[in-house]
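Trainee: I'd like to practise reading a structure feature by feature. Could you walk me through one?

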Amino acid sequence: MFDDNYWMQQALVLAGEAALKGEVPVGAIVVLDNKVIGKGFNQPISTCDPTAHAEIVALRDAAKAINNYRIINACLYVTLEPCTMCAGAMIHSRIKRLVYGADEPKAGVINSQTNLLAAPYLNHKIAVVTGVCDHECSEIISTFFAKKRRHVKNPASL
């Protein structure tokens, strides 16, 4: 049995690491048999890699940990609703369960813009739980962008 709140708190710690590095604060972990097998946070800016979203980094880490690109029976926890790229990676990796915190109204494809995971043409289905620690997950993003906006208005505060 997964303890969704506990694991989401762990993903939030990773989101905080992203924020400290100036990246959009999104964190993700992959849990299998109640153990973390993969961790990631957003790092496309620092790595010059447009695919380095938290979910992709965590899935890559998990695949290496189990030496298999199929991450069967695992749960991915992520602080923000996944985008199209990340949803596709979850499908290909055969994640069993997705748990996310905050909705992403602009680019989220699990609930906000569409429900990509429910597409009838997909050969793998993922169970989804939304809104876990949603207030904390929303707050870390809101705070990050509020600080960015303040710095743009007042560059001396950098």
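Trainee: Let's begin inside. How many residues does the largest nonpolar core have, and which of them have the most contacts inside it?

Mentor: One thing first: this is a predicted model. Now the general idea: in soluble globular proteins, nonpolar side chains tend to be buried together. Here the largest nonpolar core has 47 residues, and Val30, Ile71 and Leu98 have the most contacts inside it.

Trainee: Which elements give two or more residues to this core?

Mentor: Helices and strands both do. On the helix side you have H1 (4–20), H3 (54–66), H4 (84–93) and H5 (134–153). The strands are E1 (27–32), E2 (35–41), E3 (75–80) and E4 (97–102). H1 gives the most, with seven residues.

Trainee: Let's zoom in on one core residue. What does Ile71 touch, apart from its close neighbours in sequence?

Mentor: Leave out anything up to four places away, and Ile71 touches Val30, Ile37, Leu59, Ala62, Ala63, Ile66, Ser93, Arg94 and Ile95. Val30 on that list is another of the residues with the most contacts inside the core.

Trainee: And Leu32, is that buried or exposed?

Mentor: Compare the relative accessibility with the cut-off: under 20% is buried. Leu32, in strand E1, comes out at 17%, so it counts as buried. Beyond its neighbours within four places in sequence, Leu32 is in contact with Ile37, Ile66, Ile72, Asn73 and Ala74. As for a long-range pair, Leu32 and Thr84 are 52 residues apart in sequence and 23 Å apart in space, C-alpha to C-alpha.

Trainee: Now a helix. Which residues of H4 are buried?

Mentor: Keep the helix geometry in mind: an α-helix has 3.6 residues a turn, so residues three or four places apart point the same way. In H4, the buried residues are Cys86, Ala87, Gly88, Met90, Ile91 and Ser93. What covers them includes H3, E3 and E4.

Trainee: What happens to the backbone just after H4?

Mentor: Look at phi there. Arg94, just after H4, takes a positive phi of about 70°.

Trainee: Where does Asn34 lie, and what is its phi?

Mentor: Asn34 lies in the loop between E1 and E2. Its phi is near 65°, a positive value in a residue other than glycine. With a relative accessible area of 47%, Asn34 is partly exposed. Now try Asn73, in the loop between H3 and E3: phi is near 70°, again positive in a residue other than glycine. Asn73 is partly exposed too, with a relative accessible area of 44%.

Trainee: On to aromatics. How many aromatic pairs does the structure hold?

Mentor: Two. To read a pair, check the ring centres and then the angle between the planes, where over 60 degrees counts as edge-to-face. The rings of Tyr6 and Trp7 have centres 4.8 Å apart and planes at 75°, so that pair is edge-to-face. Phe144 and Phe145 are also edge-to-face, at 5.1 Å centre to centre and 80° between the planes.

Trainee: Which of Tyr6 and Trp7 is buried, and which is partly exposed?

Mentor: Trp7 counts as buried, at 7% relative accessibility, whereas Tyr6 is partly exposed at 44%. In the other pair, Phe144 is buried at 10% and Phe145 is partly exposed at 33%.

Trainee: Last topic, pockets. How much space lies in the largest pocket, and which residues are closest to its centre?

Mentor: With a pocket, ask for the volume and then the lining. The volume here is about 340 Å³. The lining has 20 residues, and Val24, Val26, Leu80, Glu104 and Ile141 are the closest to the centre. By class, the lining divides into 12 nonpolar, four polar and four charged residues. H3 and H5 are the elements that give two or more residues to it, and H5 gives the most, with five.

Trainee: And what lines the second largest pocket?

Mentor: That pocket has a volume of about 180 Å³ and is lined by 10 residues. Ala19, Thr143, Phe144, Lys147 and Lys148 lie nearest its centre. H5 gives the most to this lining, with six residues. The lining splits into five nonpolar, three polar and two charged residues. You've met Phe144 already, as half of the aromatic pair with Phe145.

Conventions:
Residues numbered from 1 in each chain as written. Heavy atoms only, no water. Core = buried A, V, L, I, M, F, W, Y, C linked by side-chain atoms within 4.5 Å. Buried < 20%, exposed > 50% of the residue type's maximum accessible area, 1.4 Å probe, protein only. Helix = DSSP H or I, 4+ residues; strand = E, 2+ residues; numbered from the N terminus. Contact = heavy atoms within 4.5 Å. 1 Å grid on protein atoms, 1.4 Å probe; cavity = no way out; pocket = protein on both sides within 12 Å on 5 of 7 lines; lining within 4 Å. Points joined across faces, edges and corners; volume = space filled by probe spheres on them. Nonpolar A, V, L, I, M, F, W, Y, C, P; charged D, E, K, R; others polar. Phe/Tyr/Trp six-rings, centres within 6.5 Å; stacked < 30°, edge-to-face > 60°.
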